[in-house]
Amino acid sequence: MTGEPAVRTVDLCKRFGDLEVLRGVNLDVEPGGVLCVIGPSGSGKSTLLRCLAYLEEDFTGRIYLEGELLGRVERNGALEPVQGEALRRVQSKVGMVFQNFNLWPHKSALGNIIEALVVVKKVPLEEAEAVGDELLARVGLSDKRNDYPSRLSGGQQQRVAIARALAMRPRIMLFDEVTSALDPELVGEVLHVMKQLAEEGMTMLVVTHEMTFASRVANRVVFMDQGLIVEQGAPAQVLKNPSQARTKEFLSQVAHEEI
Amino acid sequence: MIYDWNFNVVWEYRGVYWNGAQTTLAISFLSLFFAMILGLIIGIARQSNIRVLSIAASWYVEIIRDTPLLVQIVWIFYCLPILVGIDMTAFWSFVFTISVHFSAYMAEIIRAGIASIDKGQTDAAKVLGLTYFQAMKRIVLPQAYRRMLPPLVNNFADMIKLSSLASVLGVYELLHSIDNIIMNTFRPLELYTVLAIVYFLIIFPVAFGARRLEIHYAQKFSR
Ligand SMILES: Nc1ncnc2c1ncn2[C@@H]1O[C@H](COP(=O)(O)OP(=O)(O)O)[C@@H](O)[C@H]1O
Ligand SMILES: [Mg+2]
């Protein structure tokens, strides 16, 4: 499948009751690309990622992951939902990291990381633990192997959450404001892990308010507002020299907050 | 009031207390077991996205909560066998009724316990590929049981008390066994007084345990 984008959405729409949250999002992310999504609160950024992870199942439009339709099958020109293995094969291409970590409090750091390996992939425990230890080393937390989430700092919890997602060997990683719940001094360690991942060639969609990270690590930036992509392009262009008035307004507000 | 207490009769019939207590405990533990299984199924069904399931489970709970237990006991013993052609002994008919009755309350406890767990917990599980039931079993229930345990133990204390209703079907649990010897000995004061004490000795540790658990988990969560 050469030339396929890693992620493609076509006219993606999502509504909650009467509220239209995504109103036709068309997006391409090249393999190995890092796309940062910025935009005001309530613009639909989380919902976009949740659709890509199939946590929101009831969207219209199409999502292609590496050229394969997510959660739908085309029959006689119409899209029908699919379940089971056909869904799982495509859905397993994505890993997701959340703003509030969502670690499982009754499992240790290692336990969190290997859970899905053991339960979903049926990897033997010893093998799974070896993978887990490797990932813990990669996020710099080998010494926290047996600690429970409540004993870890926010930054450490978020790094465990990243390792947990990586354990399933996703092709695409989704990050939803993963540093927003952290104390300022802990943001750096998480961004560092994400930067490494980007350098290793992982395809990433990153919703963030960290404009420095976006300008240094992203190769594309998308500005969303009210369920639509208002502007997209290279970071230098969107962040430094936006063409749309709404982007300018948003960026000036963010800049004021950061002072 | 002058009454000539004579507790010899109690000692003489201690075997009856013993056998009655065994039947009472058998009813209570069997009912607890079946009520928990049924309650878990109904509780999960109420929480499920499948509307038919959740509506059916809601009605199950509603019907059971809005009819008297005693009526359920006699209906299941006298009417159900005629309607479905299954014969149950009085003992098993009663265990069945108590299990069904309490499953409605346990379902509520289990539903509330499940609902208390943050949705992010299952979101994370779902993206990693765990099925609904894997997430329930390995992620949600192990966290929710702390909230469910104290009220479940309280319900168990109630089950032991209500097991005395089996006497209306002629099951020789504690109450009915003692009624039976009172007919021969005419010593209700001694026999009923000791009966109450025996019930207390069985139920108190359970109720006490429930209270301890409540305090234990309340402290754990307030931290
Ligand atoms: N489960 C939901 N039910 C109803 N409304 C929702 C739900 N999730 C999000 N929304 C609404 O959708 C809009 C977009 O939300 P979200 O995608 O979280 O925005 P963002 O992440 O950009 O802040 C908001 O108005 C929010 O209130
Ligand atoms: Mg959001």
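Here is a quick look at how chains A and B meet, and at the largest pocket, in this predicted model.

Let's start with the interface. On the chain A side, 25 residues are in contact with 17 residues of chain B. Putting the two chains together buries about 1,700 Å², and carbon and sulfur atoms give 58% of that area.

There is polar chemistry here too. The rule finds 3 salt bridges across the interface of chain A and chain B. One of them pairs Arg138(B) with Glu115(A), with the closest N and O atoms 2.5 Å apart. As for polar contacts, the count between the chains is 9 residue pairs, both residues being at pLDDT 80 or more.

Which elements give two or more residues to the side of chain A that touches chain B? They are helix H2 (84-91), strand E8 (94-97), helix H3 (109-119) and helix H5 (154-167), each from chain A.

Now for the pocket. The largest one has a volume of about 1,300 Å³. It is lined by 35 residues, and the closest to its centre are Glu57(A), Asn49(B), Lys126(B), Thr131(B) and Tyr132(B). H2 of chain A supplies at least two lining residues, and so does each of these helices of chain B: H2 (14-47), H5 (90-115), H6 (119-127) and H7 (132-162).

Here is the make-up of both surfaces by residue class:

| Surface | Nonpolar | Polar | Charged |
|---|---|---|---|
| Side of chain A that touches chain B | 14 residues | 4 residues | 7 residues |
| Lining of the largest pocket | 19 residues | 9 residues | 7 residues |

Technical notes:
Residues numbered from 1 in each chain as written. Chains lettered and ligands numbered in written order. Predicted model: local features only at pLDDT ≥ 70, side-chain atom pairs only at ≥ 80, totals over all residues. Heavy atoms only, no water. Contact = heavy atoms within 4.5 Å. Buried area = accessible area lost by both parts, 1.4 Å probe. Salt bridge = Lys/Arg side-chain N within 4 Å of Asp/Glu carboxyl O. Polar contact = N/O pair within 3.5 Å; in protein donor to acceptor, adjacent residues only side chain to side chain. Helix = DSSP H or I, 4+ residues; strand = E, 2+ residues; numbered from the N terminus. Nonpolar A, V, L, I, M, F, W, Y, C, P; charged D, E, K, R; others polar. 1 Å grid on protein atoms, 1.4 Å probe; cavity = no way out; pocket = protein on both sides within 12 Å on 5 of 7 lines; lining within 4 Å. Points joined across faces, edges and corners; volume = space filled by probe spheres on them.
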